[in-house]
Amino acid sequence: MKVRCCIVGGGPAGMMLGYLLGRAGIDVVVLEKHADFFRDFRGDTVHPSTLQVMHELGLIDGFLKLPHQRLQKMDGMFGGASVRLADLSRLDANYPFIAFMPQWDFLNFLRESGRRFASLKVMMNTEAIDLIHDGETIAGVRAKTPEGVIDIQADLTIACDGRHSIVRERAGLAVEEIGAPMDVLWFRAGKGTNETESVFARVEPGKMMVTFDRGDYWQCAYVIPKGRTDAVKAEGLRAFCKTIGDMLPALLDDVARMAPILKSGVSDVKSWDDVKLLTVAINRLKRWTRPGLLCIGDAAHAMSPVGGVGVNLAVQDAVATANLLAAKLASGCPTEGELDAVRQRREFPVRMTQRMQVIAQNNIISVALKPGGESLRVPLVMRLITAVPWLQGITARFIGLGVRPEHVHSPALEGS
Ligand SMILES: Cc1cc2nc3c(=O)[nH]c(=O)nc-3n(C[C@H](O)[C@H](O)[C@H](O)COP(=O)(O)OP(=O)(O)OC[C@H]3O[C@@H](n4cnc5c(N)ncnc54)[C@H](O)[C@@H]3O)c2cc1C
């Protein structure tokens, strides 16, 4: 098989880039190792920056018809005090809210929308297992399919295969680890029909939890100190559920409204299989390219879950890549210098976002998770943001639109 561009990985970066290159008429294939997109507990937060991209592609109306919940005000309880971290209604944006949508719906939507581009092919159940070299140049990938191993020759290979990227590893690209003090345990808790949309970040001495409204259930993220999963499990499932149950009523204004969480929050977690570990990492590549190869999305920079920005940065990388490279790809593989233009454009937003995540980790999360604390004082910056509403617009801008938001400028076939 021979293509102009082979994208490894059908996550947000790969599917968006595949769509954009197909839209530009480039001969492109996206390889996804799974048979479908259905995997629970992935980034489900579609921010205003991504909604704007969908708008610019003319996809927004269909997209917003898919079931989702909307969030504008990011509220929390910190050591018993109410705080407001961001207010997206203050944004001067077409879509001033975060849409919570299962990632598989988002990816399926992109896949279905891209079917009209004859030059775009998505191969599910196809796992890249090695790179093909032509001297110093990466000349495609070797992939495992249900029919056997195939070679896909490509002028340009783009690694969108996430934070455990085999492509970047085979290309020998070095990862710079920045580190994170926590891991996250994810689980579901069902809820009653009358509850309204909201995110509650709850912080108590030694404990932290975030709950996302997902329509008929809450998606809960319980934050633990790094590497403590085995210790949490050793205390037993009952103790874990009790901690969650104890945490909620202590921190909620309206315990009655949240009662269904308490009931089902415990009953939904029937075994440790219902609790998924996210090993939090912050890292980035120093070099995103080799001749014939580019890495973007989590493959180039894993983000902390702080702010829920991972999906949106991956989409922004895809838009920048198409803007910078689609026209050049029409006539062959861009030079490594031209490929590196993507890093030059996207590295600053990535570094700035990771810097802010590290500040939040060190000043809020590490403080909250410190064992043995008797009481928690709301950090000064949080008190300021809560007290001064326009500051809630600044944090909303940083979270919702990000640093250097991208707009779609890549070429499009007539009628698309
Ligand atoms: C538990 C969890 C919760 C998260 N919560 C949030 C959140 O709330 N908000 C947010 O914005 N971000 C969140 N993230 C991060 C977010 O999911 C990622 O930042 C984002 O999905 C990155 O997109 P990507 O396309 O670069 O990589 P990925 O989404 O990781 O996609 C990579 C794709 O490549 C495929 N793949 C991997 N290897 C191969 C191979 N060898 N061959 C073919 N295909 C391959 C994978 O199956 C996958 O589909 C979360 C992540 C996790 C794990």
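In this predicted model, the largest nonpolar core, a set of buried Ala, Val, Leu, Ile, Met, Phe, Trp, Tyr and Cys residues joined through side-chain atoms within 4.5 Å, comprises 80 residues, of which Leu21 and Phe63 touch the most other members. The greatest contribution to this core, 10 residues, comes from helix 9 (residues 310-329), helices being DSSP runs of H or I of at least four residues and strands runs of E of at least two, both numbered from the N terminus. Beyond its neighbours within four places in sequence, Phe63 is in contact (heavy atoms within 4.5 Å) with Val46, Leu51, Met54, Met101, Phe106 and Phe109. A second, separate core of 31 residues includes Trp186, Val210, Ile364 and Ile365.

An open sheet of 3 strands shows the order 3-7-4 with antiparallel pairing, where pairing requires at least two DSSP bridges between two strands. Because strand 3 (45-46) and strand 4 (69-71) stand at the edges with a single partner strand each, one side of each is left without a neighbour in the sheet. Strand 3 pairs with strand 7 (residues 98-100) over 2 bridges, and Thr45 stands opposite Phe100 of strand 7.

A search of the whole structure for disulfides, defined as pairs of cysteine sulfur atoms within 2.5 Å, finds 0. Cys295 is in no disulfide, the nearest cysteine sulfur, that of Cys160, being 8.7 Å away. Cys295 is buried (under 20% relative accessible area, with exposed over 50% and partly exposed in between; 1.4 Å probe, protein chains only), with a relative accessible area of 0%, and Cys220 likewise counts as buried at 1%.

Residues are numbered from 1 along each chain as its sequence is written, and side-chain values use heavy atoms, hydrogens and water being left out. Local features need pLDDT of at least 70 and side-chain atom pairs count only at pLDDT 80 or more, whereas totals for chains, interfaces and linings use all residues.
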